[in-house]
Amino acid sequence: MSFILGILLFVVVAGRLDARLPWPSATKNTP
Amino acid sequence: MAERHEEYAVIAGHFGFAAAVKARAPSVPLWALMLACVWMDVLFVPLFAAGIETIVPLPGTQGGYGEGIIHADYTHSLAGALLIAVTFGLVAAIWWRSSVALVLGAVVFSHWALDLPMHHADMPLLPGNAGNFPLLGFGLWRWPWVSAVLEIGLVLLGTFLYARAASRAVEAAQPTGAPARTRVRYVTAALLLSGLVTLGLNWFGM
């Protein structure tokens, strides 16, 4: 359970919250 | 009994390391870093379910935190880890810049490097332990408290470095952006709580 919950919390929850911050883009067609 | 022991591995520490990497490689999405850092374990799950890779309790123990011999002879072999990391990086390069893919591939391999000091000697060089070379693992798990402190230390360090980098990114983009600063606090709190919850459950065998 700790592994699955860890993925949900870190990847989904923290990842979604982080995506709202003004980080530089990772995609190829942007500097 | 086997599935009872599937969770007793390093988990929170990998996520903490991934948060620290985000601070140095801000263009790499955090969710991708978090997925990359445990990708070897994600691949372990179906092999474990199929009985190809297993975990057995260390003799004389109940198989609690750090008391498992992990026979992940494919996903956690040195050559297997390198192959998994390269594959992950190549797939990431389809959508993202090569520098981003390189970081993600390295983070996938960091899983093996971080497991090495913790594991009992159960990590082979080649998949399936071909060649019967000596198994690797420095066995810090013999001292569970030390292992847990190191894991939580990685979570705290990673969260601190992430929060500092995120604050700087927000200041640069929106110097007066109070909502963005609040979002930084949300992510920081999520990282800390996630680390504590994950390690806590892991410690108590859940």
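Here are some short exercises on the predicted model above, each with a worked solution.

Residues count from 1 along each chain as its sequence is written, while chains are lettered from A and ligands numbered from 1 in the order they are written. As this is a predicted model, local features need pLDDT of at least 70 and side-chain atom pairs count only at pLDDT 80 or more, but totals for chains, interfaces and linings use all residues.

**Exercise 1. Work out which elements chain B has, and in what order.**

Start by counting: chain B holds 7 helices and 2 strands. (Both are DSSP runs numbered from the N terminus: helices are H or I with at least four residues, strands E with at least two.) Next, read them off from the N terminus: α-α-α-β-β-α-α-α-α.

**Exercise 2. Check the length of helix H1 (residues 12–24) of chain B against its expected span.**

Take the rule: 1.5 Å times one less than the number of residues. For the 13 residues of H1(B) that gives 18 Å. Now compare: the end C-alpha atoms sit 19 Å apart, so the two agree.

**Exercise 3. Is H1(B) mostly covered or not, and what covers it?**

First, the cut-offs: a residue is buried if 20 or more other C-beta atoms lie within 10 Å of its own, exposed if 12 or fewer, and partly exposed in between, with C-beta atoms placed from the backbone. By that test 11 of the 13 residues in H1(B) are buried, including His14(B), Phe17(B) and Lys22(B). Then look around: the cover includes helix H1 (2–18) of chain A, plus H2 (30–37), H5 (98–118), H6 (144–173) and H7 (178–203) of chain B.

**Exercise 4. Find the residues that touch the most other members of the largest nonpolar core.**

A nonpolar core is a set of buried Ala, Val, Leu, Ile, Met, Phe, Trp, Tyr and Cys residues joined through C-beta atoms within 7 Å. This one has 70 residues, and Ala18(B), Leu33(B), Met34(B), Ala36(B), Leu104(B) and Val108(B) touch the most other members. H5(B) gives the most, with 9 residues. Zoom in on Val108(B): leaving aside neighbours within four places in sequence, its contacts (C-beta atoms, placed from the backbone, within 7 Å) include Ala36(B), Trp39(B) and Phe88(B).

**Exercise 5. Decide where chain B should be read with care.**

Use pLDDT, the predictor's confidence in each residue, from 0 to 100. The mean for chain B is 91, with 95% of its residues at 70 or more. Over residues 1–7 of chain B, though, the pLDDT is below 50. Where pLDDT is low, predicted coordinates shouldn't be read in detail.

Technical notes: Contact = placed C-beta atoms within 7 Å.
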